[in-house]
Amino acid sequence: MIDAKKPVKLPTQQILPIVGLIVGIVFLYIGLSEFGFWNSNTHTPTAAFFSTIVSVGLIALSLIALLQSIRKPMEEFRLLNWYVPIGFLLMVIAMMIIGTVPAVIIFEIIWCRFYEKMSWKTTIIAVVFCLIMVIPIFTWWLGIDFPVGKIGELILGY
Amino acid sequence: MENFMWLLHGFGVVFSLQNLGACLLGSILGLIVGAMPGIGSLAGVALLLPLTYKFDPTTAIIMLGALYYSNMYGGAFSAILLNIPGDSPAVLTAVDGYPMATVKKRPGQALMTANASSCIGGIVGMLILVILGPALAEFGLKFGPAEMTVLLLVAMTSIGWLVGGNPVQGVLLSFIGILVASIGMDVQTGVPRFDFGNIYLLGGVEFIPFVIGTVGFAQLMQLMDEKDNEVHSVTDKLTIRGSMLTAHDWKRLTPPSLRAGFVGTFVGVLPGAGATAASFLCYAMQKGFKSEEPLGTGAIEGIAASESANNAAAAGSFAPLLALGIPGSGTGAVLLGGLMMWGLNPGPLLFTNDPDFAWGLIASLFISNIVALAISLGIIPVLLKILKVPVRIMIPVIMIVCFLGAYAATYSMFGVFIMLISGVVGYLFEKNDYSTAPMLLAFVLAPLLEDNMRKAFIATGGDISEVFFSSAIATVLTIILIVLCAFPIVRTILIKTGVYTPKKKD
Amino acid sequence: MKRSFVLAVAMLMAAAMVFAGGSKESGDGTFTPTRDVTWTVTSNPGGGSDIFTQEAKDAMLTNGISDANIVIDYVTDGGGEVGRLNVSRMTGARADYNLITFNSGDLMPMCLNTDNRVENFTPIAIMAVDKQLLFAGDVTKYQSWQEVLDALAAGQRVVIAGSKGDDIETYNALIAELGVDESQLAYITNDSTSTAITALLGGHVDLVLGKPAAAEQYVLAGRMKPILALSNERFPTELFKDAPTLGEFEGYENVEVPVWRGVAAPKAMSDAAADYWTECLRQVSETTDWQEGYIQRNALISQFMDRHEAAEYMAQYQADYLAKIGKDA
């Protein structure tokens with residue numbers, strides 16, 4: 001069994017400025033190579049004029065931030081926090097296969113009942129609340145069509 | 001004074017049972033739509049437009065006006081209680097509202113503050129609308145691309161006030177925000193840029209999923225740390241009585257509300273700016289004034305500035321709509337479509353040809369402001385029950401709410417993935433002490449700035465000096481910009497040389 | 001517990017079907033809408049496409065042609081490409097309930113910037129042909145086309161504001177005929193004509209290029225004045241008839257880039273639904289509301305093509321355009 005609360009140390013204080021640096025270089029490169037900076041024929045800025053200025057600034061700031069971060073300690077990360085995006089992603093994938101409504105129900109049941117070990121009563125209240133949001137409010141009233149999933153499409157003959 | 005006579009006349013038009021009923025219904029629906037994440041006033045008004053065909057035009061527009069207007073109230077609810085802004089103008093309401101509700105344990109007061117300052121901002125906006133009338137719209141026209149460019153540069157300096165502890169990191173993240181916002185079709189040259197060949201990226205990164213991610217979803221990831229050791233202490237104050245604002249609270253919220261109401265109205269009048277930009281600007285402006293607690297930690301002043309500004313801007317945007325037929329926002333545009341549907345001709349002649357209608361609408365805004373306030377105060381005790389729910393149940397439920405909001409804002413899974421990615425990235429940055437608020441400001445303002453700057457360059461043939469000094473307004477704004485940029489530098493020099501010694505802050 | 005699980009899933013599947021289902025074609029192969037219809041417009045409200053859509057929808061409603069509840073949805077992301085892509089990809093029952101306003105000004109950028117083609121849609125109808133004019137504002141420098149020509153001859157810089165798409169094509173045809181380059185007669189692209197008009201009313205640009213519908217109210221109020229008709233003959237309507245064509249000025253030919261306005265639907269729309277909508281629009285094009293309130297008032301040319309003619313016409317237009325820009329079909 002993995003201990004979700006066990007901290008893992010990562011040098012994100014150094015990684016994030018590097019990410020900024022990469023983003024800056026990518027936008028600078030694409031911008032200048034595809035569009036250039038200034039159109040000297042029409043005396044007007046190109047599509048990359050603004051982004052070029054900003055990416056140069058970003059590269060400079062990233063370098064400064066990287067220097068500042070050298071002495072910063074590693075950050076502690078715990079798997080526990082990542083249950084949120086991981087669970088969410090699994091739910092979204094499920095939606096695309098079995099449809100929004102079943103995926104929401106299964107997700108709430110797994111999370112509330114099996115992960116958080118709440119009572120069935122609480123679980124069902126959570127499920128019902130979510131379904132009220134999905135079906136009468138968003139689908140019927142606000143007219144949003146949520147994905148019915150591959151299986152739903154087969155059933156509905158889409 | 002003539003305008004006040006017309007306003008009285010407008011009240012005369014509105015005061016019929018049918019119109020008041022429409023106003024009431026519009027306000028209630030607006031509050032609900034506003035509180036739903038992802039559904040902005042635009043979608044709300046568009047959805048209800050067909051319902052109003054059978055009404056007489058005045059009744060119909062009163063209902064839609066009330067809906068649009070009370071939407072701004074509703075957006076604050078989910079922002080304060082769940083940290084998920086119901087609509088983009090409410091982003092900054094979440095920044096102070098959520099800590100005030102949870103950390104400071106004053107959820108009732110947070111909601112009250114939001115509602116009271118919405119009301120103040122709205123009234124200020126409407127009074128300006130009535131006093132200046134069509135002249136307000138003409139004022140907005142004075143802001144062309146050059147003026148807007150300098151104004152937005154001034155606004156961008158407020159990023160400096162929002163960055164918090166580490167300015168380098170704050171600005172770094174803002175720049176990333178600007179680059180992300182530049183993804184998509186370039187309107188000026190009609191070419192796709194930074195889309196990496198992806199058709200969805202061609203449409204750009206939508207603001208609402210982005211915000212739900214960086215604000216709401218990132219918060220959920222953090223909450224996982226606290227869900228098991230939660231102590232309940234908010235429960236005893238969850239009544240209307242326990243939610244009342246003290247005299248001291250009123251003293252704190254009134255000045256920022258009035259200020260933001262005034263500035264917000266004028267921002268609402270400007271072409272293309274809208275309520276979101278208004279609330280960001282006034283919040284940043286509040287940073288420049290004294291607040292009893294630091295903004296971002298649950299300060300009443302922060303909620304007041306943001307909420308007052310967005311309601312004032314909503315009122316202000318009616319000026320170009322009614323006087324010139326120019327919609328200041330998407331919502332205004334749908335209202336405009338409604339006007340045409342009922343056989344009215346929106347345009348410069350509306351005030352002259354259909355004064356009953358135009359002034360009736362303005363009068364109805366006053367009434368819907370009061371109605372929306374009354375309803376929201378009434379439902380505060382009900383809303384507060386949400387906070388009684390333990391965090392560990394809230395987490396999976398709010399995850400669904402995040403999904404619904406992100407999906408509804410884009411009608412596609414693309415928005416959901418944007419939300420998820422910005423949530424994870426936002427969490428990582430927050431955890432490393434990068435503040436995300438300035439990034440959101442940059443994300444909203446940078447595309448406006450770029451668009452106007454490029455237009456200004458085309459109009460002047462690439463002459464920078466002409467952009468900054470093309471008119472009296474631009475020149476004044478340029479001077480303000482220079483002063484704002486020079487001030488911190490001069491101050492540092494004075495301190496370093498010992499000419500000036502700052503008072504110690506505690 | 002396993003059983004309750006299965007049961008719950010099964011029930012929800014059933015529920016999903018109930019709320020996601022819509023009308024199916026009835027037995028005799030005809031189609032009647034039973035749920036809300038979304039009509040996508042890919043430019044900002046207040047512009048020409050929007051007015052076209054509003055008027056068509058209005059005529060359908062007031063003349064009892066269709067009692068479907070039509071909701072107009074503005075999807076301007078990515079210069080409209082996202083809206084077009086979404087509609088083209090819609091499937092299932094939903095496809096029968098989606099329409100999109102589709103003009104030559106939408107087709108051209110779509111072919112230029114994306115791989116989306118007219119074949120990915122079901123064309124429903126072509127309704128009208130539209131043309132543009134140039135307008136001066138009440139506070140702008142040049143009050144007649146002659147003044148503009150003089151200014152250009154004197155080497156002055158003149159700035160035109162307009163919308164995207166077909167307006168840009170007309171602008172390109174205009175500078176080609178005038179023999180000036182885009183730094184001298186510059187063009188500012190806006191999301192819609194209404195934004196361009198805002199800039200003109202404030203005196204921030206010299207001229208606006210736009211179609212009559214978007215400008216009518218401002219001309220009526222004396223805030224804008226038509227100074228050049230981009231057409232082979234003058235506009236027949238009272239408001240616009242004083243604007244000369246370019247051919248009336250010595251040494252120039254007329255410039256005209258006609259814009260067709262049409263309606264399309266997802267490729268997956270059923271034949272029965274496509275027949276229904278093309279019939280609705282045919283009836284719209286015959287109403288007095290449409291002919292007088294839209295076509296005549298805005299100086300358009302009424303030209304109805306049903307879905308088969310429209311499909312052929314649009315495909316040909318696309319082939320010609322692709323050849324012109326050197327892209328394969």
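**Exercise 1. Work out what share of the 506 residues in chain B is buried, and how the chain is built and packed.**

Solution. In this predicted model, buried residues account for 64% of the 506 residues in chain B, where a residue is taken as buried if 20 or more other C-beta atoms lie within 10 Å of its own. The next step is to look at the secondary structure, and here chain B has 24 helices and two strands. The radius of gyration of chain B is 22 Å, close to the 23 Å that the globule rule gives for 506 residues, so chain B is as compact as a globular protein of that length. Along its principal axes, the C-alpha trace of chain B spans about 60 × 60 × 55 Å. Finally, of the contacts in chain B between residues at least 6 apart in sequence, 78% join residues at least 24 apart.

**Exercise 2. Describe the side of chain B that touches chain A, beginning with the number of residues that each chain brings to the contact.**

Solution. Chain B brings 50 residues to the contact and chain A brings 52 residues. Turning to the elements of chain B, those that each supply at least two residues of this side include helix H12 (207–223), helix H21 (413–431) and strand S2 (191–193). H20(B) gives the most to the side of chain B that touches chain A, namely eleven residues. Sorted by class, that side of chain B holds 35 nonpolar, eight polar and seven charged residues.

**Exercise 3. Describe the side of chain C that touches chain B in the same manner, from counts to elements to classes.**

Solution. This contact takes 40 residues from chain C and 38 residues from chain B. Among the elements of chain C that each supply at least two residues of this side are strand S7 (185–189), helix H3 (81–89) and helix H8 (212–220). H7(C) gives the most to the side of chain C that touches chain B, with four residues. By class, the side of chain C that touches chain B has 17 nonpolar, 15 polar and eight charged residues.

**Exercise 4. Find the domains of chain C and characterise the side of domain 1 that touches domain 2.**

Solution. Chain C is divided into domain 1, which covers 36–128 + 260–324, and domain 2, which covers 132–248. Taken over C-alpha atoms, the centres of these two domains of chain C are separated by 27 Å. Their contact takes 17 residues from domain 1 of chain C and 20 residues from domain 2 of chain C. On the side of domain 1 that touches domain 2, helix H2 (48–62) and helix H4 (104–113) of chain C are the elements that give two or more residues, and H4(C) gives the most, with five residues. The residues of that side of domain 1 of chain C divide into four nonpolar, twelve polar and one charged.

Methods. Residues are numbered from 1 along each chain as its sequence is written. Chains are lettered from A and ligands numbered from 1 in the order in which they are written. This is a predicted model: local features need pLDDT of at least 70, side-chain atom pairs count only at pLDDT 80 or more; totals for chains, interfaces and linings use all residues. Two residues are in contact if their C-beta atoms, placed from the backbone, lie within 7 Å. Ala, Val, Leu, Ile, Met, Phe, Trp, Tyr, Cys and Pro count as nonpolar, Asp, Glu, Lys and Arg as charged, and the others, Gly among them, as polar. Domain bounds come from an automatic or database domain assignment. The radius of gyration is taken over C-alpha atoms; the globule rule is 2.2 Å times the number of residues to the power 0.38. A residue is buried if 20 or more other C-beta atoms lie within 10 Å of its own, exposed if 12 or fewer, and partly exposed in between; C-beta atoms are placed from the backbone.
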